[in-house]
Each structure stands twice: as structure tokens, then as C-alpha cells.
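The following note is offered to a colleague who is meeting this structure for the first time. The points are numbered so that each can be checked in turn.

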Amino acid sequence: MDVNKEKSTIVLFSGELDKAIAAFIIANGAAAYDHEVTIFFTFWGLNALRKDESAFVKKGWLERMFAKMMPRGADKLGLSRMNFGGIGPKMIKHVMKKHNALTLPQLIELAQEQGVKLVACTMTMDLLGLQQEELLDGIEYAGVAAYLGDAADAKVNLFI
């Protein structure tokens, strides 16, 4: 960590498309302003980091049920409002494309290119039965203590 850089952290708790997009727009904006940025993904927010394709990992019955019920990847997240059985996200994606806005997968890629630290909560991974092979490449794995260490040095700490 560069002691001279401004630091920002975001806890992404929500697994909803609009909230994940907002988190990544803020993170990318902060990184563009040369902030050192950490996004800590916990509970449903971890779904934004899931790979689109399934990974062959050994799971128990309960973990398999969680895996089937949770959206697989950033492109499968629903909206917090006006989801309308999946039509809402399609409408939002259409409007975003019309306005040349980056998609959530593109925002995630941009964040990685800008050095935004993406951290998956290991305790939540254990609770939901998620394994590293199921999540995107290039992310970090840590517990709440690591997040608190980053947050203690940050001037901006957001919970989304």
C-alpha cells in the first residue's frame, strides 16, 4: 500500500445488478483519481464474482442447492426494483447499451485493469459453499480482518 495515496473501500453485500454497477462505477472512478480501492464481496455480492460457466467442484447437498439458487456471474444478476421476472435487467442493459455505458462484466474488467483490489470474503464462501474455482481469476481471498485493515486507512468506506 502506498501511504501517500487516498484509499477507498466498498463492501458489496448486495447481489443486485444496479447496486453492483454502482459499486463498480464508484470504484473505477476512485481508481481513475488515483485512489487505492478495495471492494470486499460478502454474501450475495459474491455472485458478481462467480464465473458464468460451472466449475467441477465437490460439494455437499446444501452447497449444491445454494449454487443452483444463486445467479452465476455478473450478467445474471437481477435488479433491486422493477425486476419484473427478469425483464427489468434486460431493459436496463438495453438502455445502458443505447447510452454506450459499460456493462457490469466490462466494469469488473476495467476495475481489475486499474488495480482495484477485489476481495472475496472467505467466511461467506464457506457458508454458501463457494470455492475459488467458481470465482473469477485475479481476485483475492480474505476475512473481515483484512477488510478492516484496509478500511481503517481509508477516508471513504461504503456499504452497498
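**Notes on cores, strands and one helix**

1. The largest nonpolar core has 34 residues, and those that touch the most other members are Phe24, Ile39, Phe41, Leu49, Leu104, Val116 and Leu118. A nonpolar core here is a set of buried Ala, Val, Leu, Ile, Met, Phe, Trp, Tyr and Cys residues joined through side-chain atoms within 4.5 Å. Buried means under 20% relative accessible area, exposed over 50%, and partly exposed in between (1.4 Å probe, protein chains only).

2. This is a predicted model, in which local features need pLDDT of at least 70 and side-chain atom pairs count only at pLDDT 80 or more, while totals for chains, interfaces and linings use all residues. Residues are numbered from 1 along each chain as its sequence is written, and side-chain values use heavy atoms, with hydrogens and water left out.

3. Two or more residues of the largest core come from each of β1 (7-12), α1 (17-32), β2 (36-41), α4 (104-113), β3 (117-121) and α5 (122-128). Helices (H or I, at least four residues) and strands (E, at least two) are DSSP runs, numbered from the N terminus. The largest share, eight residues, is supplied by α1.

4. Leucine 104 is in contact (heavy atoms within 4.5 Å) with Leu17, Ala20, Ile21, Phe24, Ala74 and Leu77, leaving aside its neighbours within four places in sequence. There is also a second, separate core of seven residues, including Phe40, Val119, Cys121 and Ala142.

5. Why is β3 largely enclosed by the rest of the structure? Four of its five residues are buried, so β3 is largely enclosed. β3 pairs in the parallel sense with β2 over four bridges; two strands pair if DSSP finds at least two bridges between them. Leucine 118 in β3 is the bridge partner of isoleucine 39.

6. β3 also pairs in the parallel sense with strand β4 (residues 140-142), over three bridges. Here alanine 142 in β4 is the bridge partner of cysteine 121.

7. In helix α3 (residues 87-98), the buried residues include Gly88, Pro89 and Met96. These cover an arc of only 95° around the axis, which puts them on the same side of α3; the arc is that of the directions from the helix axis to the C-beta atoms. The buried residues of α3 pack against α1. On the face turned away from the buried side are the exposed residues Lys90, His94, Lys97 and Lys98.

8. Asparagine 100, which follows α3, has a positive phi, near 55°.
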